[in-house]
Amino acid sequence: MHKPMKSLLAICVLAAAGAAFAQEQVVNLYSARHYATDEALYSGFTKATGIKVNRVDSDDAGIMARLKAEGTASPADVILLVDAARLYRGEADGLFLPVRSKVLEDAIPANLRATPAADGGIAWFGLSTRARVIVYNKAKVNKDDVDTYEELGDPKNKGKLCIRSGSHPYNLSLFGAVTEHMGEQKAEAWLKGVVNNLARAPKGGDTDQIKAVAAGECDIAVTNSYYLARLMRSEKPEDKAVVEKVAVVFPNQQSWGTHMNIAGGAVARHTKHQANAIKFLEYLASPEAQNYFANGNNEWPAAKGVDPGNPALKAMTDGKPFKSETIPIGAVGANTVKVQQMLDRVGFR
């Protein structure tokens with residue numbers, strides 16, 4: 001082979017290698033989900049597509065701060081967050097890239113995703129849902145006294161309620177939903193009633209509230225459904241004892257339905273692998289991945305038509321469907337700033 005031909009071949013090889021590098025088959029994930037069972041999701045995606053998942057774990061606030069600090073230099077392609085208010089804030093701060101995907105738009109109901117931008121792009125999609133339910137001491141409380149969120153602020157339940165910090169995102173989203181349903185004035189009066197009904201100052205996480213009901217420290221508590229499901233699926237005698245003493249109610253079945261929060265995903269604003277990022281989100285909406293969400297962390301699938309087959313979730317509702325609220329989850333997130341101001345006014349820390 002002549003030298004010029006060899007040189008030309010070498011240039012072509014180097015160009016091809018450069019192009020391959022530029023299109024490296026990876027997706028860089030910033031995730032606030034800290035569930036060991038999610039590992040199956042990532043390996044399943046790689047097996048199906050050949051795309052490697054590089055993951056950075058942090059909490060939601062840490063991820064948002066990192067994205068802002070990195071700016072256009074951020075290597076992030078996909079962001080996974082675990083609360084509607086946080087997803088809304090990421091969208092409002094311009095941290096996400098609105099995208100079009102028929103797969104995602106067909107799979108995820110409109111109320112569980114961001115409102116489309118002017119060009120039709122969607123900034124984030126819900127991938128799993130969890131109910132904000134009421135747990136009560138079944139030996140001391142009548143279910144009819146706690147089967148609505150409104151009753152958490154009713155004087156009949158004075159001194160009976162345990163709940164985590166009012167400013168925790170799970171509560172901010174619940175209160176944002178109540179505000180959407182009631183209006184600001186009534187919602188603030190309700191929050192004042194909730195404060196008046198506290199059995200103790202807010203502290204701990206959702207599991208602590210359930211255990212406090214079982215221990216007799218309070219009679220009523222608010223929790224995300226998957227915390228109760230974990231206890232229900234536990235083989236530990238102490239967890240079984242807690243579950244034996246409590247019952248659960250899905251509030252507002254005769255009105256607007258139970259508040260549902262989401263874990264969701266978005267494409268990062270400055271992604272370098274946009275096609276791979278969209279493929280990853282599409283995979284997370286597939287029946288295979290949705291079942292990992294359901295059975296790995298005891299969440300309901302967000303995608304339409306996927307039966308989770310989770311025994312604890314089925315036991316909570318006696319295997320029957322329940323009514324969930326249908327307000328846009330983005331509206332819930334948008335209310336959280338005004339909710340925080342209400343909490344400050346009523347002294348709910």
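Salt bridges come first: the count in this predicted model comes to 21. A few of them are worth walking through one by one. Asp93 pairs with Lys68, and the closest N and O atoms of the two are 3.0 Å apart. Asp93 sits in the loop between helix H4 (84–92) and helix H5 (102–107), while Lys68 belongs to helix H3 (residues 60–70), so this salt bridge ties together parts that are 25 residues apart in sequence. Asp93 has a second partner to mention, since its side chain also meets that of Arg89 in a salt bridge, at 3.4 Å from N to O. As for exposure, Asp93 has a relative accessibility of 31% and counts as partly exposed. Arg89, at 33%, counts as partly exposed too.

Another pair is Lys156 with Glu151, whose side chains form a salt bridge with an N to O distance of 2.7 Å. Here the two ends fall into separate accessibility classes. Lys156 is partly exposed, with 37% relative accessible area, whereas Glu151 is buried, at 11%. Salt bridges also link up into a network, in which Arg33, Arg130 and Glu299 take part.

Glu299 turns up again in the surroundings of Thr129. Leaving aside residues up to four places away in sequence, Thr129 touches Glu299 along with Leu112, Met260, Asn261, Ile262, Trp300, Pro301 and Ala302. Thr129 itself is part of strand E4 (residues 125–137). With a relative accessibility of 6%, Thr129 counts as buried.

Stepping back to the whole chain, the fold contains 15 helices and nine strands. Its C-alpha atoms fill a box of roughly 95 × 45 × 30 Å along the principal axes. Of the 349 residues in the chain, 53% are buried. Contacts across the sequence can be put in numbers as well: among those with a separation of 6 or more, 77% are between residues 24 or more positions apart.

Two pairs of helices show how some of these elements pack. In one, helix H7 (residues 184–196) meets helix H15 (residues 336–346), with axes that come within 10 Å and cross at roughly 45 degrees. That angle is why H7 and H15 are described as oblique to each other. The crossing of H7 and H15 is right-handed. On the H7 side, the contact involves Glu184, Ala187, Glu188, Leu191, Lys192 and Val195, and on the H15 side Lys338, Met342, Leu343, Arg345 and Val346. Sorted by class, the residues of this contact are six nonpolar and five charged, with no polar ones.

The other pair is helix H8 (residues 206–215) with helix H9 (residues 225–233), where the axes come within 9 Å and cross at roughly 60 degrees. H8 and H9 are therefore oblique to each other, and H8 passes H9 in a right-handed crossing. Asp206, Thr207, Ile210 and Lys211 make the contact from H8, with Tyr227, Leu228 and Leu231 coming from H9. The contact of H8 with H9 is made up of four nonpolar residues, one polar and two charged.

Finally, a word on backbone angles. Most residues other than glycine have a negative phi. Asn252 has a positive one, near 60 degrees. Its place is in the loop between strand E7 (246–249) and strand E8 (260–267). Despite the loop setting, Asn252 is buried, with a relative accessible area of 1%. Asp318 is another non-glycine residue with a positive phi, in this case near 55 degrees. Asp318 lies in the loop between helix H13 (311–316) and helix H14 (329–334). At 64% relative accessibility, Asp318 counts as exposed, whereas Asn252 is buried.

Note on methods. Residues are numbered from 1 along each chain as its sequence is written. This is a predicted model: local features need pLDDT of at least 70, side-chain atom pairs count only at pLDDT 80 or more; totals for chains, interfaces and linings use all residues. Side-chain values use heavy atoms; hydrogens and water are left out. Axes are lines fitted to C-alpha atoms, for helices over the stretch in contact, and angles run from 0 to 180 degrees between N-to-C directions. Helices (H or I, at least four residues) and strands (E, at least two) are DSSP runs, numbered from the N terminus. Angles under 35 degrees count as roughly parallel, over 145 as roughly antiparallel, 65 to 115 as roughly perpendicular and the rest as oblique. A crossing is left-handed if the near helix is turned anticlockwise from the far one by less than a right angle, and right-handed if clockwise. Contact means heavy atoms within 4.5 Å. Ala, Val, Leu, Ile, Met, Phe, Trp, Tyr, Cys and Pro count as nonpolar, Asp, Glu, Lys and Arg as charged, and the others, Gly among them, as polar. A salt bridge is a side-chain nitrogen of Lys or Arg within 4 Å of a carboxyl oxygen of Asp or Glu. Buried means under 20% relative accessible area, exposed over 50%, partly exposed in between (1.4 Å probe, protein chains only).
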